[in-house]
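Please look through the sequence and the structure shown here before reading on. The report afterwards goes through the model part by part.

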Amino acid sequence: MSLLASARYHLNVDLIGNGFLRYERRKLERKLANPRPHPHLGPPLVTAAELKELISRHYLKGRYASGHKPVAWVTSGAPVEFLQALGFFLLYPENHGAVCGIRRKAEEYCSAAEDLGYSRDICSYARTDIGSVMTGKTPVGTLPRPDLLVCCTNICQTVLYWYRVLAEHFGCPLVIIDTPFVYDSASDHSVAYVLRQIEQAVEVAERVAGRSLEPDKLRQVTQLSRDAVDLWMQVLERCRHRPAPMTAFDAFIQLAPIVEMRGEDFAVGYYQRLLAALDQRIADGVWALKDERLRLVWDNLPIWHRMRWLGERFAERGVALVASTYTNAWGELAPLIDPAHPLESGARTYLHAILNRSTGHKLNVIKGLVSDYQADGVVLHSDRSCKPYSVGQIDQRGRLVGAEGVPALLLEADHNDPRSFSEEQVAARLDAFLEILES
Amino acid sequence: MGSTVALGIDLGSTTTKLVAVDATGALVHHSVQSTAPTMAQQAAALVAQARLDLGAPDAPLVATGYGRHLVQDAARQVTEITCHARGVFHATGQPCTLIDIGGQDTKVITIGAGGKVMSFAMNDKCAAGTGRFLEVAAQRLQLPIDAFGPLALEGDAEEPLSSTCVVFAESEMISLLARGVALAPIVRGLHRSLVRRVAALARGAGAQAPVLLSGGVARNPAVRALLEAELGLAVVVPPHPQLAGAWGAALLAG
């Protein structure tokens, strides 16, 4: 690490950046204090300004991280606590992909990847990331070059190939953590196998960081992870309230710190304030929708490029998305995280990611959400890009509609590629589904 | 409402249908036109003409189909799923599975008691399982669409088409013609290709007897015959299959 890089980091992040971001936050807070009334939506969450500051600061830190801190690019479901404890700056290409999707840049980057020969059938996060890396374009300034890549297969197999492309491009070490599929619960040898790989990953990360992992620091980071995940689950559970104080559309955005700042103290602080804000809304009778008439559960990733359109379409009809398997996945594993045994419990936790488990398990999660959140139906987003999440949805829908008597709709789209989204077709299906629920 | 007549208009991707029903729900007037690019004006003119002809200037109106939001005059806009279910239930009076093959959409609707939609499935982003598939093929073969079904039923000979894509099926069809294969077996193969896609959608949606077929394509006898064979279930075409959506809209308006 270089002194010059550290000086540049402190100047740009701690002195100039922080001041500017705080000013921007205050400006937004003033705006949020008197929001423009929406015909169907309640006022925005008061913590929105702080969240924007957190995310902007994260990418600002990334911009100046090279040379000051070791940088690791990681998959969203990778065990990151040891990396945090070693002082790595962590970048999540999937999260960056979502930012590109929301900012309507994903199509351009996907096309750039396709021009290089990557098929349109590959995940749009992978294409967005590869396109962004190869063109150097990003809506967040500059992405730091990775010193280490950590790829965990508990979310899909695409990451194996995607991260090999990154490793070849950046010429840095790649650690793969292979997680055997869990049909029911993880066997002891699966846990031992993943634990061994995490231990090997620690060795590589220590070499890259040039320092040793301190057990106390690791326990402390794991505790922060556990606290943030616990709080996240409580945040989500506030939506069990009828009417709901926020919707899954809010939760998709509020998810950012739990993904990319897991193990950092400010993520815990943020979720404490968000939880307090939700409790305040419940106490004051402030709801996500002005007139909540129906409650739905969402399955799969959001359609990042159509969040506003979908959100307003649902709100217009008095439909609140009160829960989603996607946001729930980041909280449901909290009980498995044990700060006293960070690596062992990490192996078990990361094995049980929803996409590493059976389709029957996911059906049970959906059924649980329907019952716990008093939902009237389920929308299953059949995501062209995310095969592991979408496989089994036809049967899951069949079981919900048949044995469970829960109305369910399969909606075809893509989480990041707007070219695989047909507004007219989605609208036709949604309207017909809502007519069923309203009748 | 002050009127014993109610109107329903279905602005589909290919044709626009208008139906008037009396207080018992019986059809008293209907018209079908190719959907014009100026859909709003076309719908307004059709509605005005029907109200004039029926002497019912205040007849309530419900609009359905892709262009339903363009009908300013309508008391309500309702999706074609709900309208088809209502229209067909009026004809059958019992729960059933409805397969509606339109110009651009194919829908399988499970209709429960009272005409309520229990669930539905639609074709994905591909027109190969819809009326457009047959239209494109008929145009390419320079045959009127009404002659297409009867031609497919002319014999048992069938030329299988491996492609399920409209565009690729067209090239495949041309290669077969270039090899001197007769027209009827090719046309039968085209029908088979469409019907297989529709049957797969229907099976996935859990189609159970009685199965009804609506939409413009239901007027094609080969589609009905081949669909029965594929599903192993009797397929009934209700009276005026193309009007089911507009009929249901009129029933909802009344």
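What follows is a description of a predicted model, with its confidence, its chains and their contact taken in turn.

## Confidence in the model

Because this is a predicted model, it is careful to begin with the scores that come with the prediction, and these are an ipTM of 0.82 and a pTM of 0.89. For chain B the mean pLDDT is 91, and 98% of the residues of this chain reach 70 or more.

Within chain B, the elements do not share one value: strand S4 (residues 61-64) of chain B has the highest mean pLDDT, at 97, while helix H5 (residues 166-178) of chain B has the lowest, at 86. As a general caution, predicted coordinates should not be read in detail where pLDDT is low.

## The overall form of chain A

Chain A contains 19 helices and eight strands, and its C-alpha atoms fill a box of roughly 65 × 50 × 50 Å along the principal axes. A compact globule of 439 residues would have a radius of gyration near 22 Å, and the 21 Å of chain A agrees with this.

Of the 439 residues in chain A, 51% are buried. When the contacts of chain A with a separation of 6 or more are considered, 78% of them are between residues that lie 24 or more positions apart.

## A parallel sheet in chain A

Four strands of chain A form an open sheet, in which the order is S2-S1-S3-S4 and the pairing is parallel. At the edges are strand S2 (89-91) and strand S4 (174-177) of chain A, each of which pairs on one side only. On average, neighbouring strands of this sheet are turned by 25° against each other, if direction is ignored.

Inside this order, strand S1 (residues 71-74) of chain A runs parallel to strand S3 (residues 148-152) of chain A, and three bridges join the two. Val74(A) stands opposite Val150(A), which belongs to S3(A). Helix H8 (residues 188-209) of chain A lies across S3 and S4 of chain A, and the helix runs at about 165° to S4(A).

## Hairpins in chain B

In general, the strands of a sheet pair through backbone hydrogen bonds, and the pairing may be either parallel or antiparallel. In chain B, strand S1 (residues 6-11) runs antiparallel to S2(B), with six bridges joining them, and a hairpin of three residues links S1(B) to S2(B). One of the pairs of residues here is Leu11(B) with its bridge partner Thr16(B) in S2(B).

S2(B) also pairs in the antiparallel sense with strand S3 (residues 27-34) of chain B, over seven bridges, and Lys17(B) has Val32(B) in S3(B) as its bridge partner. These strands, S2(B) and S3(B), form a hairpin with five residues between them, and Gly25(B) in the turn has a positive phi of about 90°. Why can strand S2 of chain B be called largely enclosed by the rest of the structure? Six of the seven residues of strand S2 (residues 15-21) of chain B are buried, so the strand is largely enclosed.

## Where the chains meet

The contact between the chains takes 14 residues from chain A and 14 residues from chain B. On the side of chain B that touches chain A, helix H2 (80-92) and strand S8 (117-122) of chain B each supply at least two residues, and S8(B) gives the most, with four residues. The residues on this side of chain B divide into six nonpolar, five polar and three charged.

How values were computed
Residues numbered from 1 in each chain as written. Chains lettered and ligands numbered in written order. Predicted model: local features only at pLDDT ≥ 70, side-chain atom pairs only at ≥ 80, totals over all residues. Pairing = 2+ DSSP bridges. Axes fitted to C-alpha atoms, helices over the stretch in contact; angles between N-to-C directions. Contact = placed C-beta atoms within 7 Å. Nonpolar A, V, L, I, M, F, W, Y, C, P; charged D, E, K, R; others polar. Rg over C-alpha atoms; globule rule 2.2 N^0.38 Å. Buried ≥ 20, exposed ≤ 12 C-beta atoms within 10 Å, placed from the backbone. pLDDT = per-residue confidence, 0-100.
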